[in-house]
Amino acid sequence: MRAFHLILALAALLLATPSARADDDFSTALRALNADSYADKIAAAEALAALGEGRAAPILDALADGRLYVTPDGAILIEQAGTYLEPLSQKIVTTDKAEAITVNNRLRGVARGAAGRLALFSPNAQARGAAVEAIMNSPSDEAADMVRAALAKESDATIKALMVTALASLDLSSDNAGHRLAAVTQLADSSDPSVRSQIQRLLETETDLQVRKVAEKTLGSIEFRVTLMGFVANLFQGLSLGSVLLLAAIGLAVTFGVMGVINMAHGEMIMLGAYTTFAVQQGFRAFLPADLIDLYLVAALPAAFLVTALVGMGLERGIIRFLYGRPLETMLATWGISLVLQQVVRQIFGASNMEVANPSWMTGGWDLAGGFTLTYNRVVIILFCLAVLGGLAALLRWSSFGLHMRAVTQNRPMASAMGIPTGRVDAMTFGLGSGIAGIAGVALSQIGNVSPNLGQGYIVDSFMVVVFGGVGSLWGTLVGAVSLGVVNKFLEPYAGAMLGKILVLVFIILFIQKRPRGLFALKGRSVES
Amino acid sequence: MHSLSHLFLNPGDRRFWAGFTALGVLFLLLVPALNLLLPADSALHVPNYMVTLIGKYLCYAILAMAMNLVWGYCGVLSLGHGAFFALGGYAIGMYMMRSIGARGVYGNADLPDFMVFLNWKELPWYWLGFDHFWFAALMVMAIPGALAFVFGWLAFRSRINGVYLSIVTQAMTYALMLAFFRNEMGFGGNNGLTDFKDILGFDLSQDATKMGLYLLTTLVLGATFLLVRFVTASKLGRVMMAVRDAESRVRFLGYSVTGVKLFAFTLSAVLAGIAGALYVPQVGIINPSEFSPANSIEIAIWVAVGGRGTLLGPVLGAFAVNGAKTWLTGAAPELWLFALGALFILVTLALPKGLVGLWAGLRARVTEKSND
Amino acid sequence: MKFNRILGAGLFTAASILPMLAHAAEDTIKIGVLHSLSGTMAISETTLKDTVLMMVDDINKKGGLLGKKVEAVVVDPASNWPLFAEKARELLEKEKVAAVFGCWTSVSRKSVLPVFEQLNGMLFYPVQYEGEESSRNVFYTGAAPNQQAIPAVDYLMSKDGGEVKRWVLAGTDYVYPRTTNKILEAYLKSKGVKPEDIMINYTPFGHSDWQTIVADIKKFGSAGKKTAVVSTINGDANVPFYKELANLGVKADQIPVVAFSVGEEELAGIDTKNLIGHLAAWNYFQSVKSPENDAFIKQWQSFIKNPKRVTNDPMEATYIGFKMWTQAVQQAGTTNVDAVRQALYGQKVKNLTGGVAVMNTNHHLSKPVFIGEIQGNGQFQTVWKTKDVIKADAWSPFIPESAKLTADWTYPWVCGNCTEPKFK
Amino acid sequence: MTDDTLMDQPHGPGIAAPGTILYVDSVTVSFDGFRALNELSLVIEPGELRTIIGPNGAGKTTMMDVITGKTRPDQGDVLFDGHVDLTKMTEDQIANLGIGRKFQKPTVFEHLTVFENLELALKCKRDTLSTLLFRLSGEQQHRIDQVLGTVGLKDKPRMLAGALSHGQKQWLEIGMLLMQDQRLLLLDEPVAGMTDAETEATAELILDLHKDPHHSLVVVEHDMEFVRALGARVTVLHEGSVLAEGSLDAVQANAKVVEVYLGR
């Protein structure tokens with residue numbers, strides 16, 4: 001019955017501009033939102049939606065986002081980036097007395113659903129699409145009727161399709177076997193796990209054999225697609241874990257692989273990179289206009305590289321160079337360095353986690369079929385780490401610095417005899433390794449903690465990657481990291497996160513017994529002696 | 001003849017015994033005497049907590065000597081020795097858990113509290129036997145020994161050495177840490193084993209028991225001292241040093257480097273296990289964080305600080321570093337990591353021979369002065 | 001030469017030990033602060049160290065205790081559990097402190113427990129924990145599971161909470177989550193939740209790659225029944241967890257996450273814009289308006305010289321513990337542990353959030369419980385609170401073998417875990 | 001030990017070369033594409049003294065590496081005593097078979113004394129346990145003193161080997177070779193860095209050893225004077241295979257050899 005009213009209201013909305021009378025109802029309904037109990041607020045929100053006016057949608061959205069404010073005299077305002085908008089007059093109001101209207105999840109759900117329904121008729125196709133999604137999340141009979149109403153007017157093909165599926169999944173619970181049959185047939189090429197579970201529930205109760213048959217068939221095909229997507233998801237997660245490992249390890253591959261220096265403070269270089277990111281972000285927040293904030297990450301890259309590279313060179317010149325040829329001592333000295341670095345950061349920034357926000361272009365993800373979401377930050381990191389690897393490889397292969405570096409690695413005395421400043425090359429190589437660790441820190445700050453212990457978490461893993469892949473071989477590091485990541489992710493569902501990690505470690509240990517020099521070993525005398 | 005051949009490696013027997021007895025007197029007689037005989041308000045009185053503290057250091061000293069055997073003499077830097085230490089600790093811990101009996105909070109005579117709590121119905125097979133002290137004592141040596149033997153055999157046979165070995169051993173202890181964190185493992189998960197009541201019927205909360213454990217540790221340290229000296233003074237000791245200096249050359253002389261390393265590694269692991277077994281009753285808890293790679297690295301640091309390849313160095317290092325740690329964590333809690341880190345850097349840079357080397361150097365200079 | 005080396009060794013040892021023999025000044029009351037300032041736990045514990053220092057500073061400004069100045073002895077157990085025991089012993093035996101405020105993790109508490117019991121010390125433990133313990137020498141001012149977990153679940157099952165039917169219990173693999181989840185599982189089943197509607201998942205400490213698990217949660221939540229996540233994930237692992245939630249678009253109005261280990265301090269490390277509406281259950285929120293709280297926050301921010309610094313639940317627990325101790329000392333007229341212990345029973349302190357906290361004879365507090373939703377500004381907005389304070393159970397009635405145990409340190413029980421009174 | 005290893009060893013890939021102490025047949029070794037040994041074949045008879053010359057990179061050292069088990073050949077057979085396949089054995093097993101080697105660059109154990117260096121080389125059971133329990137017997141002691149005399153280090157048994165002069169290290173290493181009392185001795189440039197007097201003495205020592213039919217020697221050397229002094233059969237290696245073989249005069253007359261040494 002209410003549904004019928006709704007439709008009338010909607011029709012009214014579509015025909016005429018709101019009359020003065022409607023205005024009064026609207027403003028009273030609006031003011032009702034500022035109630036004491038959540039129950040009343042919910043009632044108010046539903047009432048407001050029931051008026052079926054398009055302009056209610058932004059208000060309900062604001063309510064859901066906690067952007068709806070109320071002045072002491074009960075006027076409702078929408079907060080937008082620090083300014084207040086009076087929804088009726090659409091005027092900007094300035095006040096400092098406004099208080100946010102509190103919401104809880106239930107109210108938020110109602111508001112979103114209502115706003116969604118209203119948005120079904122918004123001129124903006126995207127909004128309509130979102131609206132259908134919203135309705136799918138809070139299904140109800142009147143919702144179904146509304147979608148039908150909207151479907152009749154819908155022009156955009158993709159949204160039509162979306163609505164049809166939505167309807168179908170709503171119809172699954174209809175008591176008309178015909179509708180149900182149509183629905184299950186309709187849904188045959190969906191790959192949405194929620195649809196799957198709906199059909200499963202349908203099958204629990206379904207009596208109509210015809211429907212059952214089709215439903216089972218549909219279910220089968222959905223199952224197949226969902227498992228397929230599951231596999232793809234696993235693969236992606238493996239790759240993204242691999243890319244994280246790789247980022248953490250590349251710098252090490254340079255210092256360890258090229259110079260043979262075990263840098264136990266490598267993790268702290270990553271940590272410094274992350275803190276530099278934090279500092280840059282704060283700088284942007286403090287000194288630059290708000291709309292530039294999304295670019296802070298770009299600015300952080302060179303900054304982090306510079307900071308860590310300089311620190312690295314400092315360490316090399318100040319400490320590590322005196323330890324060449326004594327790898328084990330180097331290990332211990334750099335361990336000492338890592339302790340000091342951690343404490344330094346603790347003294348400067350304090351022991352607690354620092355907040356590094358993802359820029360908006362790294363937040364969220366593409367919802368693909370089968371409930372698999374391709375998250376932006378992961379994708380960015382995968383691409384980024386490939387870029388870093390490529391850049392490094394190019395540098396080593398084509399730049400004169402790279403040439404010197406390789407020369408020094410292969411035959412130090414000969415290189416110096418040929419007038420290559422081995423000392424400077426060492427410093428720069430170490431600086432390069434540390435710098436890369438630094439930009440790795442920038443990336444890792446986007447998915448994890450930024451705390452003084454940040455580095456500790458990566459050190460063992462990155463050593464494993466380098467040793468497993470084969471010291472001195474970037475290609476090996478790449479393959480090592482990715483394969484470890486993927487293996488880990490495919491183990492996790494069966495073994496659980498912890499056991500998976502353990503199994504991977506054991507595997508590496510055994511593997512190194514077989515191939516002491518890793519996957520891509522450098523053969524030849526130079527290595528043997 | 002025997003002593004002759006080491007005149008230039010180790011000090012002559014007379015000097016050695018002099019030093020040995022001196023240490024013995026210091027730890028075996030002096031400390032207890034100062035603790036028991038002197039009144040509490042006397043300036044020289046050694047309070048109880050100090051005794052337990054020194055007892056703890058003594059365990060570290062044993063551990064350091066074990067480490068020194070493989071690293072200092074044989075040149076194999078294991079960053080997984082914390083694992084052997086912890087395994088020894090767990091073995092004795094399991095015995096003490098069993099001897100709690102029905103005195104646990106849930107009053108279950110058959111199962112330790114944490115198992116009752118995880119709804120385990122019966123004792124897992126690998127806990128069987130730990131009701132008996134002799135079995136636990138055996139396992140204290142057998143488990144670390146066996147692990148070291150298998151791991152070492154695999155590693156040394158395929159000639160994994162230098163930093164590679166260090167990294168692999170690190171991975172080993174890391175994997176063990178993760179494994180022991182799992183509650184399903186049946187070793188108490190993150191909390192490990194705790195709430196010990198008594199050992200061999202002696203109440204652990206009694207000062208007398210603590211003193212007993214302290215003295216026992218001292219004796220074991222002495223025994224370790226003699227054992228390490230026997231090994232390093234033997235021809236095998238010389239081969240070990242030869243391996244440290246020129247591994248491949250030793251092979252061409254017909255010695256099996258794998259065998260030599262395996263011997264040193266396994267023996268050292270057993271010693272580490274014993275150290276752990278003495279440690280746990282004195283600190284009253286054993287848990288997975290003992291496996292953390294950081295701990296193992298620290299052991300190497302003690303040895304480096306004290307002086308590698310010397311008999312006394314490790315003991316010295318263990319006392320110096322841990323003493324400094326105890327003192328600084330109280331005196332300068334915000335800054336002690338700086339001091340510790342700086343110490344490591346300084347020692348590796350300036351004192352490659354550690355404190356012992358420093359001392360020897362100073363003496364040498366003094367004698368030179370007196371000569372001219 | 002060797003002999004001299006040994007002398008050297010002896011001297012060095014002495015050198016490292018002598019400073020510890022220094023004797024305490026007599027005209028002060030010493031209290032110990034046993035919180036990690038380095039290592040993995042420094043993240044959380046440093047704050048509590050500062051809180052105690054602030055309280056000490058405050059009481060000294062007010063003329064001290066029993067006419068004496070209070071002196072805080074700060075040590076750093078460095079997130080190393082055996083070191084906790086060593087430091088505890090040092091504080092009690094060498095520094096002769098009247099009381100110790102410290103520990104965060106259960107394992108650190110377990111590690112110092114024997115020391116406190118042997119030397120009859122007094123420890124105030126300010127963190128929410130798994131219960132299943134009541135020591136004569138420890139006062140637990142943090143929440144027990146029935147002061148955090150159960151109310152939270154009740155709320156989520158209520159109409160306002162969204163009538164949740166399907167539950168994910170996700171935690172770090174250690175004793176607190178295990179106990180809490182065990183209790184919750186029993187509780188949920190007693191409320192008629194079907195086993196297949198409960199998913200339990202444990203992850204290692206500092207777990208950083210949450211892709212798989214969050215994806216699983218999404219799948220589990222897509223079964224058409226309202227689903228919620230009860231998170232007992234510990235410290236470090238939370239940031240990557242919430243970032244993954246945000247990026248995989250797990251919205252609070254679809255799958256709300258209620259956490260027991262995430263407070264203002266943890267949120268300060270996360271960008272909360274995409275987490276609005278996810279929940280936490282505590283006995284304290286900074287956002288709760290009350291004169292005491294406003295004063296406390298002001299005092300804290302000026303003490304720490306950072307107007308943005310947040311407060312959190314363990315800080316309030318520390319505050320209450322410290323207040324109760326000082327009141328008890330004044331009541332007993334001495335810092336003698338046994339006298340103070342007796343004086344502590346029934347001791348009352350005003351909560352920062354209104355109402356009055358009471359120390360019960362099971363060494364646990366009665367405190368109110370709040371459920372809050374995360375806001376964009378990193379604060380919580382209270383959406384539900386208990387009418388009155390709730391008394392902490394040391395032994396949970398939902399774990400069969402602990403249900404039979406009673407903790408009561410007054411006559412005739414005088415016992416932390418007994419099935420019948422000591423004296424009849 | 002020695003005997004069992006003989007037993008254990010598979011008798012090569014079905015082949016045997018009776019009457020030879022060392023039998024190298026078409027051995028090839030390559031590092032990253034570079035062929036250090038190319039189908040090298042070489043036969044040493046029991047009791048023979050053989051000198052091997054050749055320009056740098058001719059593969060002399062690699063050959064020794066292959067014989068002593070340091071490097072595994074990509075293909076080819078290496079037999080000791082006519083039937084023991086060396087390509088499957090580790091360095092220490094081969095050493096215990098009775099093959100001793102002196103390195104081009106003298107490698108002695110610098111942190112051990114001269115005496116201890118010799119003691120380690122001493123021929124005796126070398127498994128780990130016996131080494132642990134080893135006690136020096138009177139006549140072993142005597143043997144060491146004897147060798148100390150032979151290599152002219154009688155007065156410095158207690159000196160750290162690291163403190164010796166280059167020449168003395170050479171001698172010490174020769175001494176270690178003597179202590180091992182091996183059947184086949186491989187000497188890689190034994191007189192490099194020695195004074196003329198020392199060089200002569202070395203030559204005599206080698207000829208002495210040669211007198212005992214129990215010893216077979218392979219000497220790699222650049223110093224033509226020295227080679228002449230030994231007056232033994234000469235093999236010329238070039239680019240990893242045998243270029244010429246015969247008396248010194250014969251090979252020096254050989255056109256190919258001249259070309260290799262003097263270049264075009």
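**Close-up views of a predicted model**

**View 1. A helix that does not run straight: H20(A).** Helix H20 (residues 474-514) of chain A spans only 21 Å between its end C-alpha atoms, whereas a straight helix of 41 residues would span 60 Å at 1.5 Å a residue (the expected span is 1.5 Å times one less than the number of residues; helices, H or I of at least four residues, and strands, E of at least two, are DSSP runs numbered from the N terminus). At Ala495(A), H20(A) bends by about 125 degrees (the angle between axes fitted to the seven residues ending there and the seven starting there). This is a predicted model, where local features need pLDDT of at least 70 and side-chain atom pairs count only at pLDDT 80 or more, while totals for chains, interfaces and linings use all residues. Residues are numbered from 1 along each chain as its sequence is written, and chains are lettered from A and ligands numbered from 1 in the order in which they are written.

**View 2. Where H3(A) meets H4(A).** Ala45(A), Leu48(A) and Ala49(A) in H3(A) are in contact with Ala56(A), Leu60(A) and Leu63(A) in H4(A) (C-beta atoms, placed from the backbone, within 7 Å). By class, this contact has six nonpolar, no polar and no charged residues (Ala, Val, Leu, Ile, Met, Phe, Trp, Tyr, Cys and Pro count as nonpolar, Asp, Glu, Lys and Arg as charged, the others, Gly among them, as polar).

**View 3. Chain C against chain B.** Here 44 residues of chain C are in contact with 52 residues of chain B. H1(C) gives the most to the side of chain C that touches chain B, with 12 residues. That side has 21 nonpolar, 10 polar and 13 charged residues.

Key. Contact = placed C-beta atoms within 7 Å.
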